[in-house]
Amino acid sequence: GINAEYGVFVQFDDVMFLSRGELKYFGSPRAATTYIDKPLPSDTNMADFLMENIDRFQWNPQTASNQLNDYLSSNPAVSQQTLRSDLERQTPRFVDQMMLFTRRAFLQQKCNLREFYVNNILVVIAAALLGFSFREGAYLGPVNHLESQNCPGFIMGECLLPQKDNFATQFMLTSMAIGLTAVAASLNVFGGEKLVFWRESSAGTSDSAYFLGKNMASIFSITIPPLLYTLIYYALTHPAIPIGKMYCILMAVQYVCIALGYVISIVCQQSVALVAGVVVIFMSIILSGFQPQLRDLRRELGGWGPKLTWWSYARWSMEGLYVAEVNQYHDIYDINPGLEVLDYESSAYPRCVSILFALGIVYRVVAWISLKSVDRPQRGMNDPLTKLIIFIQKRSPKWLLPMVGTVKVSNQ
């Protein structure tokens, strides 16, 4: 690939463009754009433009080969070096490629520490604001059995509910804060270098090694933000939930939402990816089962109601956090009526953690498929994934197309 500014790129005497082993252009960089049947946009880097449209070169391959041969004849040292490099070139093993991509991803993060710091600052601010807002969020369970017998019949149900319980609201806002910052932080992992990915993929590198390397390098983004949030929120609100359980749930939420950010950044255009991420997070919060509640969804939609919430990370994070919190009061109060209202189970914590990590894996698989399918320059239409994407796009409403990436197909 080429990563050069215009002023640097045009100073080369000659440049060579190859596509799948075929010589597409060899000559002056300034003259290269004249052989492409598409104007160079004023706000586009020339090197990126040429690489993205490499199969649009209207250049005689024989002329290019003759020019290259003349150049190599006049530079025998270059010719010998090129021949020796071709003979010795070998594609690295899958594991070696994965480790190479992982190291490169860590170096990219090191060069963009400012983004990492800003994201963690936002997490700290969110934890502080919510912590101060709910620092008086103690749990006060239902009245005892003798007192509840004095309640009028028409409010007997209310007497059996907790007298003070804002934990569901706390954990809903916590899930939203972690989700928003995680999605925002992950939009540039793949979305910002899709063109680089396709260049390297067309050169023979492993798509899976690239994707796994990027995911391995996200370890700090998965572990540090939820740790900061947990420590600050825990210090301000003093919840009853064990700090380890709270951190485990929030780390699982971070894991899921980073994967959601991957999918959004790959599928959506970069200009609307952040807005799409916010919309997805809010949809997850709406489908969390808090409002409308799970039992309301079951009453209105039957068995399909609660199933709509299965793909919402907030559905499982809220239940896991709430159950882990109120279980600490089971020796003092009857916590079952409050759990029944939300349709939660007191033993649901391990299941919620497992489902969150499973969702993270599922969304990563979706991201990997999307990466191999959306914006596929110079790959033709022969593979099933591209055919499926084209089929969907042809039948999508016109208003949706500006938000969804399109499949680019070579004319070749």
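1. A nonpolar patch of about 640 Å² sits on the surface of this predicted model. Its members are Leu-113, Tyr-117, Val-118, Ile-121, Leu-122, Ile-125 and Leu-129. Tyr-117 belongs to helix H7, which runs over residues 113–133. With a relative accessible area of 48%, Tyr-117 is partly exposed, because the class of exposed residues begins over 50%.

2. Turning to the interior, the largest nonpolar core contains 75 residues. Within this core the residues with the most contacts are Tyr-229, Tyr-313, Tyr-322, Tyr-344 and Leu-356. H14 supplies 17 residues, the largest share of this core. Another core, of 14 residues, lies apart from it and includes Phe-9, Phe-17, Met-51 and Phe-57.

3. Tyr-313 deserves a look in the viewer. Beyond four places in sequence, Tyr-313 touches Ser-175, Met-176 and Gly-179, among others. Its partners also include Val-253, Val-256, Cys-257 and Leu-260, as well as Ile-281, Ser-284 and Ile-285. Leu-356 and Leu-359 are on the list too.

4. Leu-359 is a residue of helix H20, a helix that spans 349–373. Its relative accessible area is 5%, so Leu-359 is buried, the limit being under 20%. Setting aside residues up to four places away in sequence, Leu-359 touches Val-256, Trp-310, Trp-311, Ser-312, Tyr-313 and Trp-316. Leu-359 and Cys-257 are 102 residues apart along the chain, and their C-alpha atoms are separated by 9.4 Å.

5. Ser-186 is placed in helix H10, residues 167–190. This serine is buried, at a relative accessible area of 2%. Outside its neighbours within four places in sequence, Ser-186 contacts Cys-257, Ile-258, Gly-261, Tyr-262 and Ser-265. Helix H14 covers 243–267, so the residue numbers of these partners can be checked against that range.

6. Thr-230, in helix H13 (residues 219–237), is another residue to inspect. Is Thr-230 buried or exposed? It counts as buried, at 1% relative accessibility. Leaving out neighbours within four places in sequence, the contacts of Thr-230 are Ile-243, Met-246, Tyr-247 and Leu-250.

7. Helix H11, residues 194–202, has Lys-194, Phe-197, Trp-198, Arg-199, Glu-200 and Ser-201 as its buried residues. Which helices help to cover the buried residues of H11? The cover includes H3 (46–52), H6 (94–111), H10, H12 (207–216), H14 (243–267) and H20 (349–373). Just after H11, Gly-204 adopts a positive phi of about 110 degrees.

8. Asp-165 is a loop residue, located between helix H9 (156–159) and H10. At 28% relative accessibility, Asp-165 counts as partly exposed. When neighbours within four places in sequence are left aside, Asp-165 is in contact with Tyr-139 and Tyr-322. The C-alpha atoms of Asp-165 and Tyr-139 lie 5.3 Å apart in space, although the two residues are 26 residues apart in sequence. As for the other partner, Tyr-322 is listed among the residues with the most contacts inside the largest nonpolar core.

How values were computed:
Residues are numbered from 1 along each chain as its sequence is written. This is a predicted model: local features need pLDDT of at least 70, side-chain atom pairs count only at pLDDT 80 or more; totals for chains, interfaces and linings use all residues. Side-chain values use heavy atoms; hydrogens and water are left out. Helices (H or I, at least four residues) and strands (E, at least two) are DSSP runs, numbered from the N terminus. Buried means under 20% relative accessible area, exposed over 50%, partly exposed in between (1.4 Å probe, protein chains only). Contact means heavy atoms within 4.5 Å. Patches are made of residues with over 30% relative accessible area and no salt bridge: like charges are joined within 9 Å, nonpolar side chains (Val, Leu, Ile, Met, Phe, Trp, Tyr) within 5 Å. Accessible areas come from the Shrake-Rupley method with a 1.4 Å probe; for residues, only the protein chains shown count as cover. A salt bridge is a side-chain nitrogen of Lys or Arg within 4 Å of a carboxyl oxygen of Asp or Glu. A nonpolar core is a set of buried Ala, Val, Leu, Ile, Met, Phe, Trp, Tyr and Cys residues joined through side-chain atoms within 4.5 Å.
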